[in-house]
Amino acid sequence: MRPPEPVAAALRALPRPVCAYVYDTAALRGRAAAVRAALPPAATLLYAVKANGHPDVVRTLAAACDGLEVASGGELALAVAAGARRIVFGGPAKTDAELAAALAARAQLNVESGHELRRVDVAARAAGTTAAVTVRVNRAGAALPGSHAMTGTATPFGVDEKDLPAVLALAATLPAVQVTGFHLHAVSNNLDATAHAAFVADALTWSRQCAAAHGIDLHVVNVGGGLGVDYTGDATIDLGALRSGLAGLDLTGVDLIVEPGRILAADAGWYAAEVLDLKHTHGRWFAVLRGGTHHFRLPAAWGYSHPFTVLPVDAWPYDWARPEIGNTAVDAVGELCTPRDVLARDHPVDRLRVGDILVFARTGAYGWDISHHDFLHHPHPRFVVL
Ligand SMILES: *Cc1c(COP(=O)(O)O)cnc(C)c1O
């Protein structure tokens with residue numbers, strides 16, 4: 001995917017050697033509108049802040065969506081600062097201070113265990129309020145295609161379905177806690193829209209049956225995120241097929257919450273790094289970058305090759321011949337002293353010169369935010385917000 005002209009122009013204007021993330025707020029708004037159009041009109045669309053916590057990204061998506069999903073006190077503070085109209089707070093390791101902050105911000109808590117339920121009750125009583133919570137459930141078998149399955153298998157997330165009756169019975173004894181629904185986030189990066197629609201329909205049916213069986217007044221069914229992006233091409237989960245699959249859902253009495261991160265932010269980010277050197281060793285070409293996996297860890301974390309395009313830069317400041325390769329494949333590697341600092345492998349290039357810029361599309365989600373920024377203490381990239 002080539003960068004659009006405003007992104008390319010922003011990169012050409014930067015001081016060299018170029019190393020930057022460009023975030024495009026118009027692209028964020030466009031994607032939020034497209035995802036919303038795929039959901040039933042009554043559904044609630046939240047943005048999962050962990051995909052990209054840049055304040056401008058969070059502010060843009062707080063406005064373009066119905067609110068934000070957060071998983072730490074730090075993200076909660078970002079969400080409050082961004083003016084989110086609605087905040088849902090999840091995550092398996094909330095401290096008492098975070099629970100109190102969430103209640104003060106009127107965030108809706110996703111509760112992860114019986115012990116946490118008791119702590120929410122204490123925090124709510126201390127705050128003189130009642131906490132309406134959803135219980136996150138690790139269902140017996142609700143796995144979806146995609147990576148990072150979090151339910152239907154052993155994980156630290158949620159209450160095991162077989163323990164749910166005991167946790168709901170406990171909730172009924174706690175004066176300041178009211179269970180209003182369930183949180184069923186199941187997977188990350190699912191590209192199968194039909195399967196995702198079926199998962200949502202099943203989540204609704206299961207929640208209604210479970211609520212009826214346990215005397216819960218059901219108001220909220222949170223199906224999490226997980227809408228996928230194919231990094232090795234330009235496909236995303238088929239939003240048209242998702243829309244058709246969700247069209248007939250009966251949402252009477254239920255607030256259906258969808259809280260994606262990746263699909264909202266991925267295509268609004270561009271990571272760019274200048275080629276500092278070109279080397280040929282043991283039969284392979286390497287483009288050595290001013291940047292690397294300490295800025296964009298996803299390909300190293302997931303073990304894939306992230307495609308790039310070449311943004312040619314004609315200026316050449318030295319008085320010797322410019323190193324150049326053509327019609328060959330190259331590994332794009334970073335500035336860290338480890339052979340794992342690889343962003344792309346065997347990537348074809350028509351022409352690549354020292355001083356050109358490699359631009360990595362779809363890096364707006366789980367890019368900078370999941371990376372180990374200070375390993376080797378190189379300067380951070382610049383952040384340009386369009
Ligand atoms: C990570 C996460 C999300 C967002 O997932 P994506 O794959 O980025 O859509 C939503 N909800 C919860 C609870 C999460 O942990």
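Here's a quick briefing on a ligand site, two helices and a few single residues in this structure. Keep in mind that the model is predicted. The ligand has 14 residues around it, and the protein covers 93% of the 390 Å² of accessible area that the ligand has on its own. Helices α5 and α7 each keep their buried residues to one side.

**Ligand site**

- Among the 14 residues around the ligand, the ones that come nearest are K50, G226, E259, R262 and Y366.
- Sorted by class, that shell holds six polar, five charged and three nonpolar residues.
- K50 puts a polar side-chain atom 2.9 Å from an oxygen atom of the ligand.
- Backbone atoms join in too: a polar one of G261 sits 2.9 Å from a ligand oxygen, and a polar one of R262 is 2.8 Å from a ligand oxygen.
- With those contacts in place, 93% of the ligand's own 390 Å² of accessible area is covered by the protein.

**Helix α5**

- Helix α5 runs over residues 96–104, and its buried residues are E98, L99, A102 and L103.
- Those four span an arc of only 135 degrees around the axis, so they end up on the same side of α5.
- Turned away from that buried side is a face carrying the exposed residues A97 and A104.
- The cover over the buried residues of α5 includes the helices α4 (73–81) and α6 (114–126).
- Strands are part of that cover as well, including β4 (87–89), β5 (108–111) and β6 (131–138).
- Right after α5 comes R106, which has a positive phi of about 55 degrees.

**Helix α7**

- In α7, made up of residues 164–173, the buried set is L164, V167, L168, L170 and A171.
- Looking down the axis of α7, you'd find these buried residues within an arc of 155 degrees, so they line one face of the helix.
- A166, A172 and T173 are exposed, and they're on the face turned away from the buried side of α7.
- Covering the buried residues of α7 are elements that include α6, α8 (193–214), β6, β7 (159–160) and β8 (177–183).
- Worth a look in the viewer: α6 and β6 are among the elements covering the buried residues of α5, and they also turn up in the cover of α7.

**H347 in strand β15**

- H347 belongs to strand β15.
- H347 has a relative accessible area of 13%, and the cut-off for buried is under 20%, so H347 counts as buried.
- The H347 side chain gets to the backbone nitrogen of F308, at 3.2 Å.
- Leaving out residues up to four places away in sequence, H347 touches P307, F308, T328, A329 and V330.
- F308 therefore appears both as a residue that H347 touches and as the partner whose backbone nitrogen the buried H347 reaches.

**T338 and A104**

- T338 is located in the loop that links β14 (324–333) to β15 (342–353).
- The relative accessible area of T338 is 25%, so it rates as partly exposed, given that buried means under 20% and exposed over 50%.
- From T338 to I257 it's 81 residues in sequence and 42 Å in space, C-alpha to C-alpha.
- A104, found in helix α5, has 67% relative accessibility and so counts as exposed.
- A104 and V349 are separated by 245 residues in sequence, and their C-alpha atoms are 54 Å apart in space.

How values were computed: Residues numbered from 1 in each chain as written. Predicted model: local features only at pLDDT ≥ 70, side-chain atom pairs only at ≥ 80, totals over all residues. Heavy atoms only, no water. Near = heavy atom within 4 Å. Polar contact = N/O pair within 3.5 Å; in protein donor to acceptor, adjacent residues only side chain to side chain. Areas by Shrake-Rupley, 256 points an atom, 1.4 Å probe, with all protein chains shown as cover. Nonpolar A, V, L, I, M, F, W, Y, C, P; charged D, E, K, R; others polar. Helix = DSSP H or I, 4+ residues; strand = E, 2+ residues; numbered from the N terminus. Buried < 20%, exposed > 50% of the residue type's maximum accessible area, 1.4 Å probe, protein only. Contact = heavy atoms within 4.5 Å. Arc of directions from axis to C-beta.
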